[in-house]
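Reader: I'd like to learn how to read the packing of helices in a model. Could you walk me through one?

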Amino acid sequence: MAADNSVTPQQWLTKQLQTDDPDMLRSMVKTMAEALMSAEAD
């Protein structure tokens with residue numbers, strides 16, 4: 001799965017903070033890992 005480049009990092013973080021997700025850290029790490037893997041593949 002590729003990272004969603006249609007949202008700025010600030011918009012993404014704001015959305016994460018507003019959802020009050022108890023697994024926010026897990027979601028952030030997953031998104032970062034996906035972005036790194038996508039960048040490496042490119």
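Author: Happy to. Two packed helices are described by the angle between their axes and the distance between the axes. In this predicted model, helix 1 (residues 9–19) packs with helix 2 (residues 24–41) at an angle of about 155°, and their axes are 10 Å apart.

Reader: How should I classify the direction of helix 1 relative to helix 2?

Author: Angles over 145 degrees count as roughly antiparallel, so helix 1 is roughly antiparallel to helix 2. As for handedness, helix 1 and helix 2 make a right-handed crossing.

Reader: Which residues make the contact?

Author: From helix 1, Trp12, Leu13, Gln16 and Leu17 take part; helix 2 contributes Met24, Ser27, Met28 and Thr31. Sorted by class, this contact of helix 1 with helix 2 has 5 nonpolar and 3 polar residues, with no charged residues.

Reader: Let's look at one of them. Where does methionine 24 lie, and is methionine 24 buried or exposed?

Author: Methionine 24 lies in helix 2. Buried means under 20% relative accessible area, and exposed means over 50%. Methionine 24 has 23% relative accessibility, so methionine 24 falls in between and counts as partly exposed.

Reader: Setting aside neighbours within four places in sequence, what is methionine 24 in contact with?

Author: Methionine 24 is in contact with Gln16 and Leu17. You can also trace methionine 24 to leucine 13: the two are 11 residues apart in sequence, and their C-alpha atoms are 9.7 Å apart in space.

Reader: And the protein as a whole: how many helices and strands, and what share of residues is buried?

Author: There are 2 helices and 0 strands. Of the 42 residues in the protein, 5% are buried. The protein exposes about 3800 Å², of which carbon and sulfur atoms supply 58%.

Note on methods
Residues numbered from 1 in each chain as written. Predicted model: local features only at pLDDT ≥ 70, side-chain atom pairs only at ≥ 80, totals over all residues. Heavy atoms only, no water. Axes fitted to C-alpha atoms, helices over the stretch in contact; angles between N-to-C directions. Helix = DSSP H or I, 4+ residues; strand = E, 2+ residues; numbered from the N terminus. Parallel < 35°, antiparallel > 145°, perpendicular 65-115°, else oblique. Left-handed = near helix turned anticlockwise from the far one by under 90°. Contact = heavy atoms within 4.5 Å. Nonpolar A, V, L, I, M, F, W, Y, C, P; charged D, E, K, R; others polar. Buried < 20%, exposed > 50% of the residue type's maximum accessible area, 1.4 Å probe, protein only. Areas by Shrake-Rupley, 256 points an atom, 1.4 Å probe, with all protein chains shown as cover.
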